[in-house]
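Let's take a walk through a protein structure together. Have a look at it first, and then we'll go through it step by step.

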Amino acid sequence: MNKQFDILVIDDEQVIIDAVNKICSAEGFKVDTSIDAKDALEKLSKYSYKIIVCDIMMPDFDGFEFLDEIMRRKITSPVIMTTGYSTVENAVMSLYKGAIDFIPKPFTADEILNSIIRAMKYSEVQKMLLASHIQEDDATIIYVPCPAKYYRLGYSSWAEEENAGSILIGVTDLFLKTIEGVEEIEFQKIDEEIIQGNQCASIKSKDGLAHNVLSPVTGRIIERNEEVLKDVSILEKDPYFNGWFYRIIPSESEYELKHLIPCSSDRL
Amino acid sequence: MKTMFNKIGFKLILAVGVTALLTIGIFSYFNIHSHSASLLAEVELGANQLSETIIHSTRYDMLLNQRDRINKIINTIGEQPSIRTVRVINKSGAIIYSSHQADIGRMVDKNEESCYACHAANKPLERLPIKRRTRIFRPVQSAPRVLGIISPIYNEESCWQADCHAHQKSQTVLGVLDITISLEEVDKQIQKSEMEIIIFAITAVLALSFIIGFFVRRWVVKPVNELLKATNQVGVGNLNYTIKDRRKDELGMLARSFNNMTQKLSEARMQLFQSDKMASLGRLAAGVAHEINNPLTGVLTYSSFLLKRTENNPELHEDLKVIVRETKRSREIVKSLLDFARQSVPKKNEANINEIIERSVLVIENQLTINHIKLNKNLDLSLPTITVDANQMQQVFINLIVNAADAVGTNGGTISINTALITLSPYGITHIKKAICPKRHDLTDNEYKIDGMPSIKLKILSLAGEDIVHFDPVYGRNRHLTNITELKNDEKVVCPQCNTSLMEENVKCPKCGSAVISFDIPTQGKFESCTSKSCGWQRWDAVDNEGKREYIEIKLSDTGCGIAKEDLARIFEPFFSTKGQKGTGLGLSVIWGIIDNHNGTISVESIINKGTTFTIHLPLRQAR
């Protein structure tokens, strides 16, 4: 662990490695790259990285196997998955397997950068959490975990089944902690269809970055939380109850909820 | 020859023929038997009577022992043609009188067949029933049969008291009278009736076989052959073959259920074919998406990165903006390719149709200039914004303009694009997307499309049979695919799946007075239509009540080669292409899908060598 990098980029396409390298280097990040996952795992055992950006579709050793492997090795660096094969299944699977974000290819410089910045922040938050555990300092609450009966997609959005069969969705407190204060929220229209693992809302943070929120379930929007649109501070005060985003009629919740992480597992 | 024996008709005829032959044969046998028995009995009776007559008529001469007279009588009787011999044999076995003079005085062997009946047990019997006194024999082989009858002459008081004293009182039987009668006539008669009966039997069997054969052919062989032909046709893959069999029996039912089966099979095959195409298209799309997304990522990341770094260089910045925007569009196109494979919903936003058209034109303007195509844009600048998926709409316009340019060719021509805000009554344009019968069977038929829209399948049931009507799914347009022009009295329109009547009782068409049918349109009430094709009255209250609606009309015309009439109906079908190897055939079906997803309509008019006009109507506000 003698060498410290900020980002490890893994992709079988040199042009993408170069592009991400260029974008991140311009922002002052120290970037290391790897053309395949095996090489990346070797590098991971030698050096330490704050975050990892990994492609899913790679020959021999794909992104999912890579995710499994680093989970087995207990490497805590957050992973951002990218893929040209941007299906819902891939997105949800990545987040289920422990990736913190999923960016479909092709992405813009801002999209990858914003995700990396969030991942950096996420990494910091996790470190603070670890530190507070070591100090056994429970008085400082770093972020509020989502309520037990909620489900979450990665760490970013949550879904709650309501009695009427509808589903309430919103963003987690941890997601809000990884962005620099909410400036503005952009919602989709009522009656529109949102798809699991696809963008359903956009949050503009105070530093001018736009952050995409991925929908945890597929369904038709029947109600939007207009209060949050008017007063974004509600979101930061109470992201799990008053700060909900949409009420939707799910199209296949039973199947989809299986691929989300139950929030009750966070408390074990 | 072997195949003939294997034929069901032949087997049936054979079975019937054999049965008839057996019954008639047995019947004839017994008939002939009883007939000849009764004939013989008659002869027997006659012979017996004759014997009695001879005995009685010679009795007096016997008593007087006048042998000449007796001889004379016997000879006279013996001259009759059917009577062969008349003999009187005395107790000791000597022939004392005979119609053959030579026989007189000859001794008769006790074992001779005429004596055998009484002398079989050595001791002569004295009384015998008539049956046992007669015998039928052939004196010589090949000679006609002969019936012989023996009548014993019993001793009487007058005999032993007669003057001649020839007989003692102790004797019971004095002698026998033996008459033999030729059976030639009888045998001829028997033979004749035998012949008759055999001829009758053969005729009957033949006639029966022919009649059975005729009906078997009519009722079994023909329909079975028809079925066989149909199965062969289906076997070689022609699933559109239908049996035109309207009979009501089991084979008719079989034919109908066969037709039904082939139709279902053809539908299933079509669906399989379609889903197969879709699946391979999906795989293709996914493969292409992955392959294209990587290079696109290179373009997009670099260009967006450059865009960020050139904010103080306005000239470069603007150009880079175009690159980023168009790359993002490529991204959406690739995504929509994946979405198409997954049939996803459009992402609708407020947009100005004119702007989308302008942007589409920009993309292909160069191509048009190269081909000397003049582009006339006549855009209504006061158009309000409309909620559409701008990317999908752009795809529609680019596709249509490219098609138009292809139709015009390289020799120059004009493409004009007009937009306008129009108000249309729902009559004549509203599309019936789904129709159900009272038992909630889906009536829409994806197999038969009218202008790209699934038709509504109805069945006309009558005493004569049934017929299918493909009903135009556009309210008030009346371009049904049907052979029937007017509904007759015994005909009624029913659901093709459950035969539930769709006829409106007590409702008559307000325009022409014909019968009216109705079906339900989910969430949009009841749809009524006149059954007369020439009238075409239809009513859809739920839609009418919304009143006239505003539409954005986009007309895209070219002065190209036009589309042949037979192709016109099919151009919106997936994989239908008039461009041969050049096109995939997906363009117009995708366009149709996009417009349909926006609840709009697209129609086409074309004149060969004059040009083609596509008209798109997009509703300004979505119907609730």
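Let's start with how chain A folds back on itself. Take the contacts in chain A between residues at least 6 apart in sequence: 63% of them join residues at least 24 apart. Keep in mind that this is a predicted model. Chain A has 268 residues, and 46% of them count as buried. As for its building blocks, you can find 9 helices and 15 strands in chain A.

Now zoom in on one of those helices, H2 of chain A, which covers residues 37–46. Which of its residues are buried? They are A:Ala37, A:Ala40 and A:Leu44. These residues sit on the same side of H2(A), because they cover an arc of only 50 degrees around the helix axis. And what do the buried residues of H2(A) pack against? Their partners in chain A are strand E1 (4–10), strand E2 (31–34), strand E3 (48–55) and helix H3 (63–72). Now look at the face of H2(A) turned away from its buried side: there you'll spot the exposed residues A:Glu42, A:Ser45 and A:Lys46.

Time to step back and see where the two chains meet. Here, 18 residues of chain B are in contact with 18 residues of chain A. On the chain B side, the elements that give two or more residues are helix H8 (250–309) and helix H9 (314–342) of chain B. H8(B) gives the most, with 14 residues. What kinds of residues does chain B bring to this side? They divide into 8 nonpolar, 8 polar and 2 charged.

Conventions: Residues numbered from 1 in each chain as written. Chains lettered and ligands numbered in written order. Predicted model: local features only at pLDDT ≥ 70, side-chain atom pairs only at ≥ 80, totals over all residues. Contact = placed C-beta atoms within 7 Å. Helix = DSSP H or I, 4+ residues; strand = E, 2+ residues; numbered from the N terminus. Nonpolar A, V, L, I, M, F, W, Y, C, P; charged D, E, K, R; others polar. Buried ≥ 20, exposed ≤ 12 C-beta atoms within 10 Å, placed from the backbone. Arc of directions from axis to C-beta.
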